[in-house]
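Welcome, and take a moment to look around before reading on. The notes below walk through a few spots worth finding.

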Amino acid sequence: MNRQVVERTARYVRDELFDDASGHDWWHVDRVRKLALALGRNEGADLYIVELAALLHDISDYKLNGGDHERGAHVANHWLISLGETQVCADAVSDIVIRVSFKGAGVKTEMRTVEGEVVQDADRLDAIGAIGIARAFAYGGYAGEPMHEPSASPQYHETLEEYMTRSGGTIAHFYEKLFLLKDRMNTESARVIALRRHMVMERFVEEFLREWEAVDVAGEAGVVPDREP
Ligand code: ADP
Ligand code: NI
């Protein structure tokens, strides 16, 4: 455990991600770090590995670097070695970085260590709830996606390729990823937090679709009367 390595890593990540507008900014990383440490304490995880992996988990996200989903792990590994960390520590962290991301509903991303489990849970908790809603629309805007595309039905993606080339609007993303996360938590303490955040999103999407259909204008039938020409 070397506090200086943690502090230098935090500074490096903050400099790299500070002006990101895709939902992968420094404050996302900072929230994931805090959540992961709290979950890690409950689970008896090695908090040094947890903190470094949380800090480095989005250092080069495949969605933002042209689709290279191994690059983040390489960058994290090199960074830690350059600070004089051991190969064992660098490998433990980079193994978490490569596995942490959601890659489509049908694509398995199993964690091999309890440290990985809590970092993945923390990252997933920050994708749901009120902040999750805000991040989804921030990402949708960044990626040039519509908020909602009523003609596109949500898809269950079997491969990373399918997931990456989707274009069904941000509301569909709730069905394709965000609503699935509460049942994919690794730890019990994350499951409890996820349940509350899940309900916030359900309520939001229900209201969004009500307003979209103008149910609140036209009554329960959900039909806006045609104007006379
Ligand atoms: P992770 O941190 O698990 O890698 P992602 O990088 O997949 O999470 O996503 C970062 C944020 O962007 C999340 O809040 C996620 O829900 C949102 N996001 C990812 N893909 C889309 C999409 N196609 N449309 C809207 N939001 C998305
Ligand atoms: Ni993340």
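## A walk through the model

The side chains of H24 and S22 are joined by a polar contact of 3.0 Å. This is a predicted model, and in it H24 sits in the loop between α1 (3–17) and α2 (26–43). H24 counts as buried because its relative accessible area is 8%, under the 20% cut-off.

Next comes the metal site. The nickel ion (ligand 2) has the protein donors H28 (NE2), H57 (NE2), D58 (OD) and D123 (OD), which lie 2.1 to 2.3 Å from it. Along the chain, these donors follow the spacing H-x28-H-D-x64-D. H57 belongs to the loop between α3 and α4 while D123 belongs to helix α6, so this pair ties together parts 66 residues apart in sequence.

Here are three buried histidine and aspartate residues from the tour so far:

| Residue | Relative accessibility |
|---|---|
| H24 | 8% |
| H57 | 5% |
| D123 | 13% |

Now for helix α5 (residues 87–99). Its 13 residues should span 18 Å at 1.5 Å a residue, and the end C-alpha atoms are indeed 18 Å apart, which agrees. The buried residues of α5 are C89, A90, V93, S94, D95, I96 and V97, and they pack against α3 (47–56), α4 (71–82) and α6 (114–125).

Finally, the interior. The largest nonpolar core has 54 residues, and V13, L56 and F174 have the most contacts inside it. Helix α3 gives the most to this core, with eight residues. Leaving aside residues up to four places away in sequence, F174 touches I133, A136, F137, F179, M201, F204 and V205.

Conventions:
Residues are numbered from 1 along each chain as its sequence is written. Chains are lettered from A and ligands numbered from 1 in the order in which they are written. This is a predicted model: local features need pLDDT of at least 70, side-chain atom pairs count only at pLDDT 80 or more; totals for chains, interfaces and linings use all residues. Side-chain values use heavy atoms; hydrogens and water are left out. Helices (H or I, at least four residues) and strands (E, at least two) are DSSP runs, numbered from the N terminus. The expected span of a helix is 1.5 Å times one less than its number of residues. Buried means under 20% relative accessible area, exposed over 50%, partly exposed in between (1.4 Å probe, protein chains only). Contact means heavy atoms within 4.5 Å. A polar contact is a pair of N or O atoms within 3.5 Å; within protein, one must be able to donate a hydrogen and the other to accept it, and residues adjacent in sequence count only if both atoms are side-chain atoms. A nonpolar core is a set of buried Ala, Val, Leu, Ile, Met, Phe, Trp, Tyr and Cys residues joined through side-chain atoms within 4.5 Å. Donors are N, O and S atoms within 2.8 Å of the metal (3.2 Å for Na, K and Ca); water is not among the atoms, so sites may look incomplete.
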